[in-house]
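Work through these short exercises with the model open beside you. Try each task before you read its solution.

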Amino acid sequence: MDSAKILAKAKEYRDYTARNLSEMIKVPGFSTTEKERVLLLKKLCAEAGMEDIHVDGLGSLLGRVGKGKKKLVFDAHIDTVGVGDPAQWKTPPHSGIIKDGLVYGRGSSDQLGGAASMITAARILKELAYEGDFTVWFAFTVIEEDCDGLCWKYLIEEEKFVPDFAVSTEPTSCRLYRGHRGRMEIQIDIKGVSCHGSAPERGDSAAYKAARAALAIEKLNTELKPDDDGFLGKGTITVSQIKVQGPSQCAVPDQAMLYCDRRLTWGENDAIAIAQVEKALTEAGVNNFTVKMLEYAQPAYTGTLYRQELYFPTWKIKADHPLVRSGVEAYGDLFGKPPVVDKWTFSTNCVAICGRHQIPCIGFGPGDESQAHAPNEINRIDDLEICAAFYAALPGRLEKRA
Ligand SMILES: [Zn+2]
(Lines give C-alpha, C1' and ligand atoms only; values in the text may rest on other atoms or scores of the structure.)
Protein backbone atom coordinates (compact mmCIF):
# COMPACT_ATOMS: atom_id res chain seq x y z
CA MET A 1 0.00 0.00 0.00
CA ASP A 2 1.08 3.53 -0.66
CA SER A 3 2.67 5.16 2.41
CA ALA A 4 1.84 8.69 1.27
CA LYS A 5 -1.85 7.82 0.86
CA ILE A 6 -1.94 6.13 4.29
CA LEU A 7 -0.31 9.16 5.95
CA ALA A 8 -2.70 11.55 4.22
CA LYS A 9 -5.73 9.56 5.39
CA ALA A 10 -4.43 9.29 8.97
CA LYS A 11 -4.02 13.06 8.98
CA GLU A 12 -7.44 13.63 7.42
CA TYR A 13 -9.00 11.41 10.14
CA ARG A 14 -7.05 12.94 13.02
CA ASP A 15 -10.11 14.62 14.56
CA TYR A 16 -12.29 11.59 13.85
CA THR A 17 -9.83 9.40 15.80
CA ALA A 18 -9.70 11.85 18.72
CA ARG A 19 -13.50 12.10 18.76
CA ASN A 20 -13.94 8.33 18.82
CA LEU A 21 -11.50 8.12 21.74
CA SER A 22 -13.44 10.85 23.56
CA GLU A 23 -16.75 8.99 22.99
CA MET A 24 -15.28 5.79 24.43
CA ILE A 25 -13.97 7.58 27.55
CA LYS A 26 -17.46 8.99 28.20
CA VAL A 27 -18.95 5.48 28.52
CA PRO A 28 -17.22 3.89 31.56
CA GLY A 29 -16.33 0.21 31.31
CA PHE A 30 -14.40 -1.75 33.92
CA SER A 31 -13.39 -5.44 34.00
CA THR A 32 -16.65 -7.48 33.71
CA THR A 33 -18.82 -4.35 33.17
CA GLU A 34 -17.80 -3.46 29.58
CA LYS A 35 -21.21 -4.04 27.94
CA GLU A 36 -22.19 -0.41 27.18
CA ARG A 37 -18.74 0.41 25.84
CA VAL A 38 -18.81 -2.68 23.60
CA LEU A 39 -22.17 -1.53 22.19
CA LEU A 40 -20.63 1.87 21.36
CA LEU A 41 -17.62 0.18 19.73
CA LYS A 42 -19.91 -2.00 17.63
CA LYS A 43 -21.41 1.16 16.16
CA LEU A 44 -17.96 2.73 15.55
CA CYS A 45 -16.63 -0.45 13.89
CA ALA A 46 -19.66 -0.57 11.57
CA GLU A 47 -19.20 3.12 10.64
CA ALA A 48 -15.53 2.40 9.82
CA GLY A 49 -16.64 -0.31 7.37
CA MET A 50 -15.55 -3.45 9.25
CA GLU A 51 -17.24 -6.74 8.36
CA ASP A 52 -18.16 -9.85 10.40
CA ILE A 53 -18.63 -7.70 13.51
CA HIS A 54 -19.47 -10.04 16.37
CA VAL A 55 -19.12 -10.54 20.12
CA ASP A 56 -17.59 -13.73 21.56
CA GLY A 57 -18.79 -15.72 24.58
CA LEU A 58 -16.72 -13.67 27.02
CA GLY A 59 -17.92 -10.35 25.55
CA SER A 60 -14.94 -9.32 23.37
CA LEU A 61 -15.82 -7.62 20.08
CA LEU A 62 -14.25 -8.58 16.75
CA GLY A 63 -14.42 -7.16 13.25
CA ARG A 64 -12.33 -7.54 10.12
CA VAL A 65 -11.15 -5.91 6.91
CA GLY A 66 -9.89 -7.94 3.94
CA LYS A 67 -10.22 -11.65 3.35
CA GLY A 68 -6.71 -13.02 2.92
CA LYS A 69 -5.66 -16.54 3.96
CA LYS A 70 -3.61 -15.48 6.99
CA LYS A 71 -4.84 -13.72 10.12
CA LEU A 72 -3.24 -10.59 11.51
CA VAL A 73 -4.97 -9.26 14.59
CA PHE A 74 -4.72 -5.92 16.34
CA ASP A 75 -5.74 -6.14 20.00
CA ALA A 76 -7.01 -3.40 22.32
CA HIS A 77 -8.43 -4.23 25.74
CA ILE A 78 -11.33 -1.87 26.30
CA ASP A 79 -11.80 -2.19 30.05
CA THR A 80 -10.04 0.31 32.30
CA VAL A 81 -9.10 0.41 35.96
CA GLY A 82 -11.21 2.55 38.32
CA VAL A 83 -10.57 6.26 38.82
CA GLY A 84 -9.02 6.09 42.31
CA ASP A 85 -9.43 9.23 44.43
CA PRO A 86 -11.66 11.58 42.35
CA ALA A 87 -10.21 14.59 44.23
CA GLN A 88 -6.87 14.01 42.46
CA TRP A 89 -8.40 14.60 38.99
CA LYS A 90 -8.21 18.16 37.64
CA THR A 91 -10.89 17.35 35.03
CA PRO A 92 -13.60 14.71 35.59
CA PRO A 93 -12.19 11.23 34.78
CA HIS A 94 -14.88 10.44 32.19
CA SER A 95 -14.97 13.90 30.55
CA GLY A 96 -13.25 12.88 27.31
CA ILE A 97 -12.22 16.53 26.88
CA ILE A 98 -10.27 17.27 23.67
CA LYS A 99 -7.98 20.27 24.10
CA ASP A 100 -4.56 21.48 22.89
CA GLY A 101 -3.74 18.27 21.03
CA LEU A 102 -4.64 16.03 23.97
CA VAL A 103 -7.55 13.77 24.90
CA TYR A 104 -8.29 13.64 28.64
CA GLY A 105 -9.71 10.89 30.79
CA ARG A 106 -9.49 7.42 32.29
CA GLY A 107 -8.45 4.97 29.60
CA SER A 108 -7.13 7.60 27.17
CA SER A 109 -3.69 5.93 27.20
CA ASP A 110 -4.50 2.55 28.80
CA GLN A 111 -5.72 1.80 26.33
CA LEU A 112 -8.69 3.20 24.49
CA GLY A 113 -6.32 5.33 22.39
CA GLY A 114 -5.08 2.12 20.75
CA ALA A 115 -8.70 1.11 20.10
CA ALA A 116 -9.43 4.49 18.46
CA SER A 117 -6.36 4.25 16.20
CA MET A 118 -7.36 0.69 15.22
CA ILE A 119 -10.81 1.85 14.10
CA THR A 120 -9.24 4.57 11.96
CA ALA A 121 -6.76 2.05 10.50
CA ALA A 122 -9.69 -0.20 9.53
CA ARG A 123 -11.34 2.75 7.81
CA ILE A 124 -8.12 3.58 5.93
CA LEU A 125 -7.62 -0.06 4.83
CA LYS A 126 -11.23 -0.21 3.68
CA GLU A 127 -11.04 3.05 1.72
CA LEU A 128 -7.74 2.04 0.11
CA ALA A 129 -9.44 -1.28 -0.79
CA TYR A 130 -6.93 -3.54 1.01
CA GLU A 131 -7.02 -6.95 -0.71
CA GLY A 132 -3.74 -8.45 0.50
CA ASP A 133 -2.70 -11.83 1.96
CA PHE A 134 -4.14 -11.06 5.39
CA THR A 135 -7.54 -10.93 6.90
CA VAL A 136 -6.91 -8.02 9.24
CA TRP A 137 -8.86 -8.55 12.45
CA PHE A 138 -9.52 -5.93 15.08
CA ALA A 139 -10.19 -7.30 18.59
CA PHE A 140 -11.65 -5.15 21.37
CA THR A 141 -11.18 -7.37 24.38
CA VAL A 142 -12.47 -7.54 27.96
CA ILE A 143 -11.29 -8.22 31.57
CA GLU A 144 -7.64 -7.40 30.84
CA GLU A 145 -7.16 -5.18 33.86
CA ASP A 146 -8.27 -7.89 36.28
CA CYS A 147 -6.73 -10.87 34.49
CA ASP A 148 -4.46 -10.06 31.53
CA GLY A 149 -4.66 -12.60 28.73
CA LEU A 150 -7.86 -14.33 29.96
CA CYS A 151 -9.82 -12.95 26.98
CA TRP A 152 -7.23 -14.32 24.54
CA LYS A 153 -6.95 -17.69 26.28
CA TYR A 154 -10.71 -17.85 25.76
CA LEU A 155 -10.59 -16.70 22.12
CA ILE A 156 -7.85 -19.19 21.21
CA GLU A 157 -8.86 -22.21 23.31
CA GLU A 158 -12.67 -21.92 23.38
CA GLU A 159 -13.61 -19.89 20.27
CA LYS A 160 -10.78 -21.48 18.21
CA PHE A 161 -9.86 -18.01 16.93
CA VAL A 162 -6.13 -18.46 16.25
CA PRO A 163 -4.24 -15.59 14.60
CA ASP A 164 -0.94 -15.98 12.77
CA PHE A 165 0.39 -12.67 14.11
CA ALA A 166 -0.78 -10.17 16.72
CA VAL A 167 -0.16 -6.55 17.60
CA SER A 168 -1.00 -5.27 21.06
CA THR A 169 -1.96 -1.60 20.96
CA GLU A 170 -1.23 -0.92 24.65
CA PRO A 171 0.74 2.33 25.12
CA THR A 172 4.36 2.24 23.91
CA SER A 173 4.83 5.98 23.13
CA CYS A 174 4.87 4.86 19.45
CA ARG A 175 7.86 2.59 20.04
CA LEU A 176 7.94 -1.01 18.88
CA TYR A 177 7.96 -3.52 21.73
CA ARG A 178 8.82 -7.21 21.48
CA GLY A 179 8.38 -8.63 24.99
CA HIS A 180 7.84 -8.21 28.70
CA ARG A 181 8.34 -10.19 31.90
CA GLY A 182 5.64 -12.60 33.00
CA ARG A 183 4.12 -12.71 36.46
CA MET A 184 2.30 -14.90 38.93
CA GLU A 185 0.75 -14.69 42.36
CA ILE A 186 1.82 -17.26 44.95
CA GLN A 187 0.12 -18.12 48.23
CA ILE A 188 2.02 -19.85 51.03
CA ASP A 189 -0.04 -21.42 53.84
CA ILE A 190 1.76 -22.46 57.00
CA LYS A 191 0.41 -24.52 59.89
CA GLY A 192 1.62 -24.35 63.50
CA VAL A 193 0.28 -25.74 66.79
CA SER A 194 -1.50 -23.40 69.17
CA CYS A 195 -1.22 -23.42 72.94
CA HIS A 196 -1.74 -21.00 75.83
CA GLY A 197 0.31 -17.84 75.44
CA SER A 198 1.62 -18.23 78.97
CA ALA A 199 3.62 -21.31 77.97
CA PRO A 200 4.70 -20.82 74.33
CA GLU A 201 7.17 -23.72 74.52
CA ARG A 202 4.21 -26.13 74.34
CA GLY A 203 3.25 -24.90 70.87
CA ASP A 204 4.73 -24.40 67.40
CA SER A 205 4.23 -20.77 66.36
CA ALA A 206 2.97 -20.12 62.83
CA ALA A 207 4.07 -16.47 63.34
CA TYR A 208 7.75 -17.35 63.75
CA LYS A 209 7.56 -19.74 60.79
CA ALA A 210 6.00 -16.96 58.71
CA ALA A 211 8.82 -14.62 59.74
CA ARG A 212 11.45 -17.19 58.70
CA ALA A 213 9.54 -17.78 55.46
CA ALA A 214 9.46 -14.01 54.69
CA LEU A 215 13.22 -13.72 55.21
CA ALA A 216 13.75 -16.79 53.01
CA ILE A 217 11.75 -15.06 50.23
CA GLU A 218 13.83 -11.90 50.67
CA LYS A 219 17.00 -14.01 50.21
CA LEU A 220 15.51 -15.90 47.25
CA ASN A 221 14.90 -12.56 45.50
CA THR A 222 18.62 -11.75 45.64
CA GLU A 223 19.50 -15.15 44.16
CA LEU A 224 17.31 -14.93 41.03
CA LYS A 225 19.30 -14.81 37.79
CA PRO A 226 18.85 -12.47 34.80
CA ASP A 227 17.95 -13.85 31.35
CA ASP A 228 20.77 -14.82 28.97
CA ASP A 229 20.65 -11.78 26.68
CA GLY A 230 19.63 -9.30 29.38
CA PHE A 231 16.64 -8.03 27.34
CA LEU A 232 13.99 -8.66 29.99
CA GLY A 233 16.28 -8.43 33.02
CA LYS A 234 15.97 -10.31 36.30
CA GLY A 235 12.88 -11.95 37.76
CA THR A 236 11.78 -10.75 41.19
CA ILE A 237 9.81 -12.03 44.17
CA THR A 238 8.41 -10.03 47.03
CA VAL A 239 6.06 -10.74 49.94
CA SER A 240 2.98 -8.56 49.43
CA GLN A 241 0.93 -9.67 52.44
CA ILE A 242 1.29 -11.65 55.69
CA LYS A 243 -1.60 -12.81 57.86
CA VAL A 244 -1.29 -14.74 61.12
CA GLN A 245 -4.18 -16.22 63.10
CA GLY A 246 -4.70 -18.19 66.28
CA PRO A 247 -7.46 -18.97 68.77
CA SER A 248 -6.90 -15.80 70.86
CA GLN A 249 -4.63 -12.83 71.51
CA CYS A 250 -3.31 -14.93 74.43
CA ALA A 251 -2.29 -17.94 72.36
CA VAL A 252 0.47 -19.11 70.07
CA PRO A 253 -0.95 -18.78 66.52
CA ASP A 254 -1.55 -21.92 64.47
CA GLN A 255 -2.06 -20.49 60.95
CA ALA A 256 -0.13 -18.11 58.70
CA MET A 257 -0.49 -17.00 55.09
CA LEU A 258 2.07 -15.17 52.97
CA TYR A 259 1.14 -13.74 49.58
CA CYS A 260 3.87 -13.13 47.02
CA ASP A 261 4.16 -11.18 43.75
CA ARG A 262 6.58 -12.97 41.42
CA ARG A 263 7.84 -11.42 38.14
CA LEU A 264 9.21 -14.00 35.72
CA THR A 265 12.02 -13.44 33.26
CA TRP A 266 12.81 -15.49 30.16
CA GLY A 267 13.22 -19.20 31.03
CA GLU A 268 11.23 -19.00 34.27
CA ASN A 269 7.73 -20.47 34.65
CA ASP A 270 5.16 -21.34 37.32
CA ALA A 271 6.58 -24.78 38.16
CA ILE A 272 10.13 -23.42 38.54
CA ALA A 273 8.95 -20.51 40.69
CA ILE A 274 6.90 -22.72 43.04
CA ALA A 275 9.75 -25.24 43.40
CA GLN A 276 12.13 -22.38 44.30
CA VAL A 277 9.81 -21.18 47.07
CA GLU A 278 9.39 -24.71 48.46
CA LYS A 279 13.15 -25.21 48.51
CA ALA A 280 13.83 -21.80 50.11
CA LEU A 281 11.33 -22.43 52.92
CA THR A 282 12.58 -25.96 53.57
CA GLU A 283 16.18 -24.71 53.76
CA ALA A 284 15.08 -22.02 56.22
CA GLY A 285 13.70 -24.75 58.52
CA VAL A 286 10.02 -24.01 57.87
CA ASN A 287 7.80 -27.13 57.88
CA ASN A 288 4.12 -27.92 57.44
CA PHE A 289 3.51 -25.50 54.58
CA THR A 290 1.87 -25.57 51.14
CA VAL A 291 2.57 -23.33 48.13
CA LYS A 292 -0.15 -22.70 45.55
CA MET A 293 -1.59 -20.34 42.92
CA LEU A 294 -5.09 -18.92 43.23
CA GLU A 295 -7.59 -18.66 40.36
CA TYR A 296 -9.41 -15.79 38.70
CA ALA A 297 -13.10 -16.71 38.69
CA GLN A 298 -15.37 -13.72 37.99
CA PRO A 299 -18.23 -13.98 35.50
CA ALA A 300 -17.94 -11.79 32.37
CA TYR A 301 -20.73 -9.30 31.55
CA THR A 302 -22.15 -11.98 29.23
CA GLY A 303 -22.59 -14.31 32.24
CA THR A 304 -19.81 -16.65 31.08
CA LEU A 305 -17.58 -17.85 33.92
CA TYR A 306 -14.11 -18.76 32.62
CA ARG A 307 -11.49 -19.61 35.20
CA GLN A 308 -7.74 -19.22 35.03
CA GLU A 309 -4.93 -19.55 37.55
CA LEU A 310 -3.09 -16.29 38.33
CA TYR A 311 -0.15 -17.14 36.07
CA PHE A 312 0.84 -14.87 33.18
CA PRO A 313 3.69 -16.37 31.15
CA THR A 314 6.74 -14.40 30.02
CA TRP A 315 6.97 -13.68 26.30
CA LYS A 316 9.37 -12.16 23.81
CA ILE A 317 10.22 -12.54 20.14
CA LYS A 318 13.62 -12.05 18.55
CA ALA A 319 14.73 -8.69 17.18
CA ASP A 320 15.13 -10.26 13.71
CA HIS A 321 11.71 -11.98 13.73
CA PRO A 322 9.76 -11.22 10.50
CA LEU A 323 7.05 -9.47 12.53
CA VAL A 324 9.56 -7.14 14.24
CA ARG A 325 11.39 -6.50 10.95
CA SER A 326 8.11 -5.76 9.12
CA GLY A 327 7.13 -3.38 11.93
CA VAL A 328 10.48 -1.58 11.66
CA GLU A 329 10.07 -1.35 7.87
CA ALA A 330 6.45 -0.17 7.97
CA TYR A 331 7.46 2.57 10.43
CA GLY A 332 10.46 3.50 8.26
CA ASP A 333 8.31 3.71 5.10
CA LEU A 334 5.98 6.15 6.86
CA PHE A 335 8.32 8.30 8.92
CA GLY A 336 11.70 7.95 7.24
CA LYS A 337 13.53 6.65 10.32
CA PRO A 338 13.58 3.43 12.37
CA PRO A 339 11.41 3.14 15.50
CA VAL A 340 12.88 2.54 18.96
CA VAL A 341 12.58 -1.21 19.69
CA ASP A 342 12.16 -2.02 23.36
CA LYS A 343 9.93 -3.82 25.94
CA TRP A 344 7.09 -3.04 28.33
CA THR A 345 7.52 -2.81 32.09
CA PHE A 346 3.89 -3.82 32.72
CA SER A 347 1.99 -6.87 31.51
CA THR A 348 -0.39 -7.19 28.54
CA ASN A 349 -2.66 -9.67 26.75
CA CYS A 350 0.48 -10.98 24.98
CA VAL A 351 0.98 -13.27 28.04
CA ALA A 352 -1.71 -15.48 26.51
CA ILE A 353 -1.23 -14.84 22.78
CA CYS A 354 2.56 -15.31 22.77
CA GLY A 355 3.39 -16.51 26.32
CA ARG A 356 0.89 -19.41 26.38
CA HIS A 357 0.29 -19.98 22.68
CA GLN A 358 3.56 -18.92 20.98
CA ILE A 359 1.76 -16.72 18.45
CA PRO A 360 4.23 -13.94 17.52
CA CYS A 361 3.30 -10.55 18.99
CA ILE A 362 4.62 -7.03 18.89
CA GLY A 363 3.43 -3.94 20.71
CA PHE A 364 2.87 -0.51 19.22
CA GLY A 365 0.49 1.96 20.80
CA PRO A 366 -0.30 5.62 21.42
CA GLY A 367 0.39 7.26 24.76
CA ASP A 368 2.84 6.57 27.56
CA GLU A 369 2.97 3.53 29.82
CA SER A 370 3.48 5.94 32.75
CA GLN A 371 -0.05 7.34 32.18
CA ALA A 372 -1.59 3.93 32.94
CA HIS A 373 -3.64 3.78 36.16
CA ALA A 374 -2.57 7.35 37.09
CA PRO A 375 -4.89 10.30 37.82
CA ASN A 376 -5.21 12.97 35.07
CA GLU A 377 -4.54 10.38 32.36
CA ILE A 378 -4.11 11.90 28.87
CA ASN A 379 -3.18 10.82 25.36
CA ARG A 380 -1.64 12.78 22.46
CA ILE A 381 -3.61 13.16 19.22
CA ASP A 382 -0.25 13.09 17.37
CA ASP A 383 0.29 9.56 18.73
CA LEU A 384 -3.20 8.48 17.66
CA GLU A 385 -2.46 9.64 14.11
CA ILE A 386 0.94 7.90 14.00
CA CYS A 387 -0.57 4.63 15.26
CA ALA A 388 -3.50 4.70 12.81
CA ALA A 389 -0.99 5.06 9.95
CA PHE A 390 1.29 2.33 11.34
CA TYR A 391 -1.56 -0.19 11.75
CA ALA A 392 -2.76 0.49 8.20
CA ALA A 393 0.76 0.09 6.78
CA LEU A 394 1.79 -3.08 8.65
CA PRO A 395 -0.25 -5.71 6.73
CA GLY A 396 1.26 -4.67 3.39
CA ARG A 397 4.79 -4.84 4.79
CA LEU A 398 4.28 -8.09 6.71
CA GLU A 399 3.03 -9.98 3.64
CA LYS A 400 6.41 -9.46 2.00
CA ARG A 401 8.15 -11.31 4.85
CA ALA A 402 5.64 -13.81 6.25
ZN1 LIG B 1 -3.69 -1.79 29.61
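The exercises below deal with a predicted model.

**Exercise 1. Two helices that cross**

Task: Find how helix 2 and helix 4 are placed relative to each other, and which residues meet.

Solution.
Step 1. Recall what to look for. Two packed helices are described by the angle between their axes and the distance between the axes.
Step 2. Locate the pair. Helix 2 covers residues 14–26, and helix 4 covers residues 108–127.
Step 3. Read off both values. The two axes come within 9 Å and cross at roughly 135 degrees.
Step 4. Classify the angle. Angles over 145 degrees count as roughly antiparallel, and 65 to 115 as roughly perpendicular; the rest, once those under 35 are also set aside, are oblique. Helix 2 and helix 4 are therefore oblique to each other.
Step 5. Add the hand. Helix 2 passes helix 4 in a right-handed crossing.
Step 6. List the contact. Helix 2 brings Tyr16, Thr17, Asn20, Leu21, Met24 and Ile25. Among their partners in helix 4 are Leu112, Ala116, Ser117 and Thr120.
Step 7. Sort the contact residues by class. Eight are nonpolar, six are polar and one is charged.

**Exercise 2. Two threonines in the contact**

Task: Are Thr17 and Thr120 buried or exposed? What does each one touch?

Solution.
Step 1. Place them. Thr17 is found in helix 2, and Thr120 lies in helix 4.
Step 2. Apply the cut-off. Buried means under 20% relative accessible area. Thr17 has 1% relative accessibility, so it counts as buried. Thr120 has a relative accessible area of 0%, so it is buried.
Step 3. List the neighbours, not counting residues up to four places away in sequence. Thr17 touches Ala116, Ser117, Thr120 and Leu384. Thr120 touches Tyr13, Tyr16, Thr17 and Ala388.
Step 4. Check the link. Thr120 is on the list for Thr17, and Thr17 is on the list for Thr120.

**Exercise 3. Another partner for helix 2**

Task: Describe how helix 2 packs with helix 3.

Solution.
Step 1. Take the geometry. Helix 3 covers residues 35–48. The axes of helix 2 and helix 3 come within 10 Å and cross at roughly 160 degrees.
Step 2. Classify. Over 145 degrees counts as roughly antiparallel. Helix 2 and helix 3 are therefore roughly antiparallel to each other.
Step 3. Add the hand. The crossing of helix 2 and helix 3 is right-handed.
Step 4. Name the residues. Helix 2 contributes Tyr16, Asn20, Glu23, Met24 and Ile25. Helix 3 contributes Arg37, Leu40, Leu41, Leu44 and Ala48.
Step 5. Sort them. The contact of helix 2 with helix 3 has seven nonpolar, one polar and two charged residues.

**Exercise 4. A sheet with helices across it**

Task: Find the strand order in the open sheet of three strands, and the helices that lie across it.

Solution.
Step 1. Give the order. It is 4-5-20, with antiparallel pairing.
Step 2. Find the edges. Strand 4 (98–99) and strand 20 (378–380) each have a single partner strand, so one side of each is left without a neighbour in the sheet.
Step 3. Look at one pairing. Strand 5 (residues 102–104) and strand 20 are joined by three bridges. One of the residue pairs is Val103 with Asn379 in strand 20.
Step 4. Add the helices. Helix 2 lies across strand 4, strand 5 and strand 20, at about 10 degrees to strand 5. Helix 10 (residues 381–401) lies across these strands too, at about 55 degrees to strand 20.

**Exercise 5. A strand with two partners**

Task: Why is strand 12 called largely enclosed? Which strands pair with strand 12?

Solution.
Step 1. Count. Strand 12 covers residues 255–264, and seven of its 10 residues are buried, so it is largely enclosed by the rest of the structure.
Step 2. Take strand 10 (residues 182–191). It runs antiparallel to strand 12, and 10 bridges join the two. Asp189 stands opposite Met257.
Step 3. Take strand 11 (residues 236–245). It pairs with strand 12 in the antiparallel sense over nine bridges. Thr236 has Arg263 as its bridge partner.
Step 4. Zoom in on Leu264, which is in strand 12. Leu264 has a relative accessible area of 0%, so it is buried. Its contacts include Arg181, Met184, Tyr311 and Phe312.

Definitions and conventions
Residues numbered from 1 in each chain as written. Predicted model: local features only at pLDDT ≥ 70, side-chain atom pairs only at ≥ 80, totals over all residues. Heavy atoms only, no water. Axes fitted to C-alpha atoms, helices over the stretch in contact; angles between N-to-C directions. Helix = DSSP H or I, 4+ residues; strand = E, 2+ residues; numbered from the N terminus. Left-handed = near helix turned anticlockwise from the far one by under 90°. Contact = heavy atoms within 4.5 Å. Nonpolar A, V, L, I, M, F, W, Y, C, P; charged D, E, K, R; others polar. Buried < 20%, exposed > 50% of the residue type's maximum accessible area, 1.4 Å probe, protein only. Pairing = 2+ DSSP bridges.
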